[in-house]
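Here are a few exercises to work through with the sequence and the model side by side. Try each one yourself before you read the solution.

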Amino acid sequence: AQARMQGGSSGIGYGLKYQARCISDVKADTDYTSFLAGTLSLKEENEVHLLRLSSGGSELICEGLFSHPNEIWDLASCPFDQRIFSTVFSTGESFGAAIWQIPELYGQLNSPQLERVASLDAHVGKINCVLWWPSGRCDKLISMDEQNIFLWSLDCSNKSAEVLSKDSAGMLHSLSGGAWDPHDVNAVAATGESSVQFWDLRTMKYGISVDLLCSQKVNSIERAHVRGVDYNPKREHILITAEDESGIHVWDLRKAKAPVQELPGHTHWTWAVKCNPEYDGLILSAGTDSAVNLWYASASSTNNKAPESPVESTRERVNLLLNSYTDYEDSVYGLAWSSREPWVFASLSYDGRVVIESVKPFLPRL
Amino acid sequence: MATEAAPMDEKAKRMRDLLSSFYTPDPSISTPTSSISTSFDNINGPSFDADQYMDLMIKKSNLDVLLQRHVQMAAEIKNLDTDLQMLVYENYNKFISATDTIKRMKSNIFGMEGNMDQLLHKIMSVQSRSDGVNTSLFEKREHIEKLHRTRNLLRKVQQFIYDLPARLQKCIKSEAYGDAVRFYTGAMPILKVYGDTSFKDCRRASEEAIETIIKNLQTKLFSDSESIQARAEAAVLLKQLDVPVDSLKDKLLEKLEQSLDGLQINPDEASKLAEHNVSSKDEESNNQGPAKIHEDAVRGFSEAMRAYREIFPDSEERLFKLARALTTTHFENMELYIRKRVSAADFLGIFRIIWEDVVLMDEVLPEAALSDLSAEAAQVTLKQFVARTFSHLQQDISDTLLKFDINQKEVVDGEVLKVVLEASGKAEFRQLLDENTGIFVKMNDLLIGWIQKGFQDFFSEKIHAGLILVLAQLSVVIEQKVIPRIAEEITASFSGGNSQAFIPGELCRVFHAASEKLLQHYIDTRTQKISNVLRKRFKTPNWVKHKEPREVHMYVDMLLQQLEEVGKEVKQILPQGTFRKHKRSDSNGSNTTTSSRSTTLHSDKMARSNSQRARSQLFETHLAKLFKQKVEIFTKVEFTQESVVTTTVKLCLKSLQEYVRLQTFNRSGFQQIQLDIQFLKAPLKETVEDEAAIDFLLDEVIVAASERCLDVTPLEPPILDKLIQAKLAKSKEHNNNNNKTTVSS
C-alpha cells in the first residue's frame, strides 16, 4: 500500500512508477470503489495498477500490480466482470489490443502475470480504443483504429474473440476515439478530426455523420480537433465533446446543427470529458493546462433558448464552472468517475500521479 | 370694651391674654418644648408634679420660708379665683350682646324680598318695549339702505352706458379689442332690456362700434401676417361676441394641416439639415441655418396648436391626430433617409431635431402620448439604423478584403485592419452611445443589446481573426471610455435619479466580459490555425522511420510566419504594455543569466537522457521540476501587444509539446525535433518578452521528445550549429527575393 495524503489539497494521491495516460473505473466491483491505471513507458516494463479506495475514503490502496508487455494507450475495465479489462498498447512501432484477466491467485504470487483472454489482432494501423457497452452484460466489443471500426464477439470462457463485422470510415476520416451509447446497444459515436460519426452496429454503416464543427464555423481550415466524447448516461440523445481549442460542447443529437451549450473548457486543450453516471448535468473535464474542471450544465440550461440578455448569459456562464482542480504538475489525460460512489472521481496526470477527489463540497443544491 | 379697659391697663391686658389662651387650642401642643424645659418650680407648666414640688420644698426650705411661701401661694390662689370670676363674667357679657345683634338683623331683613321682585318685573317690561320699537323700525331701515345702494349702482351703470360708445371708439383706436369686447359683453344685457328707452342712442352707437370691431377681428383672424397667437386671441374674442366660429375653426385647422407639409423633413435635404444643426450647435452665430428655421416653424406650429386647443376644446382629437401625423411622417422620412448611407452624426442630428420637435409638441399636448409614440417609432428606426450600419460595416470590410485579395502581395494585412478599425463603427457606435438625449437613456440597454447581437451575428458570418481583435479592443474602448462618459453625462443631466435605466457598472461588466471573450476568441482562432500547421507536421511522417535530419523543417517557417502575422495585427490594434517593456530593458543583465541557467539545465538533461536510464531520468526530470521555479505558463491575458503575443507563443509551444508526446521517435526523428526547436529559440525569444517561460517550454518539448524516443542521441553541437546557419542563410536569401515570392501559406 503506497497511499499518501496530500497536504493542503483534499485529494488522495498515488504515484505510478512511470508516465501514464489511462485510468478506468472498475464498474463491476460492487464492494469497493476501485480503479485500474496503466503506465506509458517506451523502454521500461509497464504496469497495470489495481487501486482501491479504503472504506473510510481516506486512503488509496494498491490491490494488485501486474506487469504489462507494452506501454498502454488505452485501458477499459469490463463493466460486468471486475477481473477483465482491455488495453491498447504500442511497442513504439506497432499497435495491439487485448483483453486481459486478472489471475485469481494474484494475492499469493510475487509477480503475478495477467492472463490474456483474447487478442484483438485484426487491426493494421494505429489502434485508438476498445469500447465495452457501458450499460450491462453484452458479449460484444468494439475496437477502432484510424480507418476502421470492428465489432467483436467475445467469449471469455473459451478465451476467444471473433470479428463479427468491420467497416471503414473512409480515407478522408481519421478516427481518433469514440463512445458507445448507453441507451442504445446498436449506436456508437466515433470522433474524427473535426466530426463525430454515428454508426449503427446492425448494418455496420454510419448513417449520420455530424460535422460538428463545420456547422458552427464557416471557415473550413480553422477546425478544432475533437479529443474526447461521452454520452450522457442519464439522458438520451445528449452527447458532449471535448475539443482542442474550443472547449466543451453539449449536443442534442436530434438537432445536431448547433451545440445546445458551450463550456469554455481549458486554458490549453480540453483532452477528456466525462458525464457523471448519476447526477445529470455534472461534467468533468481534463486538460493539458494541468487542471481538471468540474462543470454543471443544468437540464434547464441545456434546453435553453437564446439567452435573454447579455448580462444574464455571462452571469450564467460564471456559475457553470463549479470548481477547478489545479493541483497537478503535468497535463491530465486520464479521468474517470466512480460508478459506485458517483461523487468520487479519479484523475491521472502524465507524470503518473493518480488523484482521487470528491466533488461533494462543490455540488450545487439540486 | 376696650375703652372700659383703658384705665385698668394691667388688668385688661391680663384678661385679654387669658381669653386668648382660652380660645386658642391647647398650649401644650402649640409650645411643647418650652414647657418641658421648665423646671419643677414652674407651677404653670403642664408637667408640674405637685407632690414632687412639695417634697422638694419641704426638703429644701426651713419653716420661715415655707410659711412665707404659704402666704404667697394663698395670695396667688385668691388672685386666680378673682381672675376666673372675671373671665366667666366677660364671656357671658359677650354672649348676651351677640344674641342681641342677631335678633336685630333678623327683624331688618324681613320685607326686602318683595321689593326685589318688584324691581325685576319693571326692568323686564322696559326691555320688551325697546325690542318692539327696534323690530318695527328694522324693515324700513333695510329697505332704505338697499334703495340707496341700487341708486348708486344705477348711477354707475348709467354713466357706463352713456360712456360706452366713446369708450369703444377709444378701444378701436388703440386696438385694445379685448377690453372693448369685455365692456360690450358687460353692457349687453342692459342694452337688450332697456335698449328702447333712454339708452337708444347709446345702444346704436355701441353696436356700430362693435360691428367695426368684429370686422377688424375677422380680418385679423384670416390675415397671415398676424402672429398665430394674435389670431387665436381674435378667435376667442369673436367667440365671445357670439359670432359663429365653427366654420372659422374648420378653415383654420385646414390651414394648420397644410402647414404640416412645410414642417416635414425632406429626406433629400435631411443631411443638410443635420449638418447645419450640428454646426449651429458649434457656432452660435450661425443662426439662420435650415435647422433653426425648422425649429422656429415647429415652435410656431406647436404654439398654434396650443392656441387652438384653448379656443376649440372640442378640436383636441383632431390636433392629436395632426401631431401624431407629423411625428409619424418624421419617422417615415427618417427611414427613407437612412436607406441611403448616413453617418451616425447626421443620423443623430436628425434624431435630435425630431426629438426636439416631439418635446415641443408634447408640452402642448401631453395627452397625445407623443413621446411614447415616438419612442416606439424611434426604437424601430434605431434598430434599422444599427442593422444598416452593420451591413454597411460588413460591406466595407468585405470591400477592403476584396481589395486585399486582389492586391494581396502589396497590401499588408494589418492595413486592412486599420481601415476597419477606423471605419468600424468605432466612431459611429461611440457616437451613438454618447448620445444622451432622453430617448436614448430609455433605450440604451436595448441599443447595446443590438450592437452586441450585431457583433455576434457578424461573427458567424465573417471570421477574420484580426477583426475579432478589433472588436475586442472596441469593447475595451466602450467599457473604459464610452460608458463612464455616458454615465457622467446622464448624472449631469438627470441629477434627480432618473438613471435607473442605465447602470454603468453592469454595462461595463458586460463589455468587459465581451472584450475578454473576444480576445480569448482571437487567441483561440490564432492558436487553432497554428495547431493545424503543427498537427499536419506531426501526423504526416512516420517518426519511427525518420531519416537523418538534413535541414530545419519548413513548418518552422510557417509557424514563425503565423506568429509574425499575430504580431503585426496586435501591434496595430492593441496598446503597448509600457510597464513590461520598460522592465525588460532595465533588467537586461539578469535576463541573460536566467536564460543561460536554463540552457545549462537543458544540456544537463540531455546528458542524462544520453545515459539511457529512463527510469532515473523521469525521476530526475521531476526533481529538476521541483527545484526549478515553476514557470507560469497560463497567465491571464492582458490587453497589450506583448501579452497577446506571449500567450499565443506559449499556447503554441504547449501544443507542440502535446503533439510530440503523441508520437514515438527513432534517433533521427528526435534529432529533427531537436534541430527545429533549437532553430526556433532565437526568433521566439525576440518576439516574446517572457524569455524564461519560452526557454522552459522549448526545453519541455525536447524532454517530451526524448521521453518518446527509442534511442536518444542528440545531434552534436557543431552539426546543429551548421544546419541552423544554413537555414538562416537560406531564409536571408529568401528575404532578399521576398518581393516576388512569399511563403505559401
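The exercises below go from chain A to the confidence of chain B, and then to nonpolar cores and a surface patch.

This is a predicted model, in which local features need pLDDT of at least 70, side-chain atom pairs count only at pLDDT 80 or more, and totals for chains, interfaces and linings use all residues. Residues are numbered from 1 along each chain as its sequence is written, chains are lettered from A and ligands numbered from 1 in the order in which they are written, and side-chain values use heavy atoms, with hydrogens and water left out.

**Exercise 1. Describe chain A by its secondary structure and burial.**

Step 1: Take helices (H or I, at least four residues) and strands (E, at least two) as DSSP runs, numbered from the N terminus. Chain A has two helices and 29 strands.

Step 2: Call a residue buried under 20% relative accessible area, exposed over 50% and partly exposed in between (1.4 Å probe, protein chains only). Of the 366 residues in chain A, 58% are buried.

**Exercise 2. Find where the confidence in chain B is lowest and highest.**

Step 1: Start from pLDDT, the predictor's confidence in each residue, from 0 to 100. Chain B has a mean pLDDT of 71, with 62% of its residues at 70 or more.

Step 2: Go through the elements. The lowest confidence in chain B is in helix α24 (residues 588-610), with a mean of 39, and the highest is in helix α27 (residues 667-687), at 90.

Step 3: For the model scores, read off ipTM 0.89 and pTM 0.58.

**Exercise 3. Map the nonpolar cores.**

Step 1: A nonpolar core is a set of buried Ala, Val, Leu, Ile, Met, Phe, Trp, Tyr and Cys residues joined through side-chain atoms within 4.5 Å. The largest has 74 residues, and those touching the most other members are Val292(A), Phe345(A), Phe665(B), Ile673(B) and Leu684(B).

Step 2: Helix α26 (residues 641-661) of chain B gives the most to this core, nine residues.

Step 3: Look around Ile673(B). Beyond four places in sequence, its contacts (heavy atoms within 4.5 Å) include Phe538(B), Trp543(B) and Val701(B).

Step 4: Another core, of 28 residues, lies apart from it, with Phe301(B) and Met361(B) among its members.

**Exercise 4. Is Phe95(B) buried or exposed?**

Step 1: Locate Phe95(B) in helix α6 (residues 63-109) of chain B.

Step 2: Phe95(B) has a relative accessible area of 56%, so it is exposed.
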